[in-house]
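Please walk me through this protein chain, beginning with one loop residue and moving outward to the sheet and the nonpolar cores. A plain account in paragraphs is enough.

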Amino acid sequence: MFIGTRAMETLQLTSSDRTTFLRSRFFVRLPRSTVDSILKDTRLSTYEEHDVLFHQGDGIDDVFFVLSGLIRLYRVGKDGREADVAVFSKGEMFAENAMYLGRATASAEAAEASIVARIDGAKL
């Protein structure tokens with residue numbers, strides 16, 4: 001599992017973060033006890049603008065959830081040019097497909113300073 005381009009600060013989940021999870025499209029449908037179980041081992045990390053979360057082709061076991069900032073997903077073509085796939089903001093989850101495939105089909109980087117939760121895919 002790829003951790004990023006450099007060591008990121010690890011944070012604790014706050015009550016505001018929990019509220020963001022509970023209001024998201026994915027988690028709002030789950031019983032509170034299930035959400036609590038999923039979030040128990042969730043890791044939060046800070047990223048500065050242009051920090052890479054993972055590269056296209058990296059093995060991925062986690063799902064990512066944006067708690068603040070913006071995360072950009074992009075693919076690199078054979079010619080080396082980047083093409084944006086999506087931009088994720090607070091309350092959005094990404095890399096679910098990569099988790100199922102076992103590898104990232106795109107790269108992810110912080111488009112601005114961000115806090116991102118990494119959720120163990122096996123728990124989902």
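D51 sits in the loop that connects β2 (43-47) with β3. The model is predicted, and what follows is read from it. D51 counts as buried because its relative accessibility is 5%, and the cut-off for buried is under 20%. A polar atom of the D51 side chain lies 2.7 Å from the backbone nitrogen of E48.

After this loop comes β3, which covers residues 52-54 and is an edge strand of a sheet, as is β6 (82-88); each of the two pairs on one side only. The sheet is open and has four strands, in the order β3-β8-β5-β6, with antiparallel pairing. In general, strands of a sheet pair through backbone hydrogen bonds, in either a parallel or an antiparallel sense. On average, neighbouring strands here are turned by 30° against each other, direction ignored.

Strand β8, residues 107-110, pairs with β3 over two bridges in the antiparallel sense. Along this pairing, V52 stands opposite E109, and F54 stands opposite A108. β8 also pairs with β5 (residues 71-76), again antiparallel, over four bridges. In that pairing L73 stands opposite A108. A108 of β8 therefore has F54 opposite it in one pairing and L73 opposite it in the other.

Which way do the residues of β8 point, and are they buried or exposed? S107 and E109 point one way from the strand, while A108 and A110 point the other way. All of these residues are buried, E109 included.

The residues met along these pairings return in the nonpolar core. In soluble globular proteins, nonpolar side chains tend to be buried together. The largest nonpolar core of this model has 17 residues, and those with the most contacts inside it are L53, F54, F64, I71, L73, F94 and A108. Two or more residues of this core come from each of β3, β4 (62-68), β5 and β8. Another core lies apart from it and has 13 residues, including F21, V35, I38 and A117.

Finally, there is the annotation. An unreviewed UniProt entry assigns residues 26-124 to "domain: Cyclic nucleotide-binding". Over residues 26-124 the chain is 41% strand and 14% helix. The C-alpha atoms at the two ends of that stretch are 11 Å apart.

Definitions and conventions. Residues are numbered from 1 along each chain as its sequence is written. This is a predicted model: local features need pLDDT of at least 70, side-chain atom pairs count only at pLDDT 80 or more; totals for chains, interfaces and linings use all residues. Side-chain values use heavy atoms; hydrogens and water are left out. Two strands pair if DSSP finds at least two bridges between them. Axes are lines fitted to C-alpha atoms, for helices over the stretch in contact, and angles run from 0 to 180 degrees between N-to-C directions. Buried means under 20% relative accessible area, exposed over 50%, partly exposed in between (1.4 Å probe, protein chains only). UniProt positions are given in the numbering used here, feature names are shortened, and annotations may be inferred rather than shown by experiment. A polar contact is a pair of N or O atoms within 3.5 Å; within protein, one must be able to donate a hydrogen and the other to accept it, and residues adjacent in sequence count only if both atoms are side-chain atoms. A nonpolar core is a set of buried Ala, Val, Leu, Ile, Met, Phe, Trp, Tyr and Cys residues joined through side-chain atoms within 4.5 Å.
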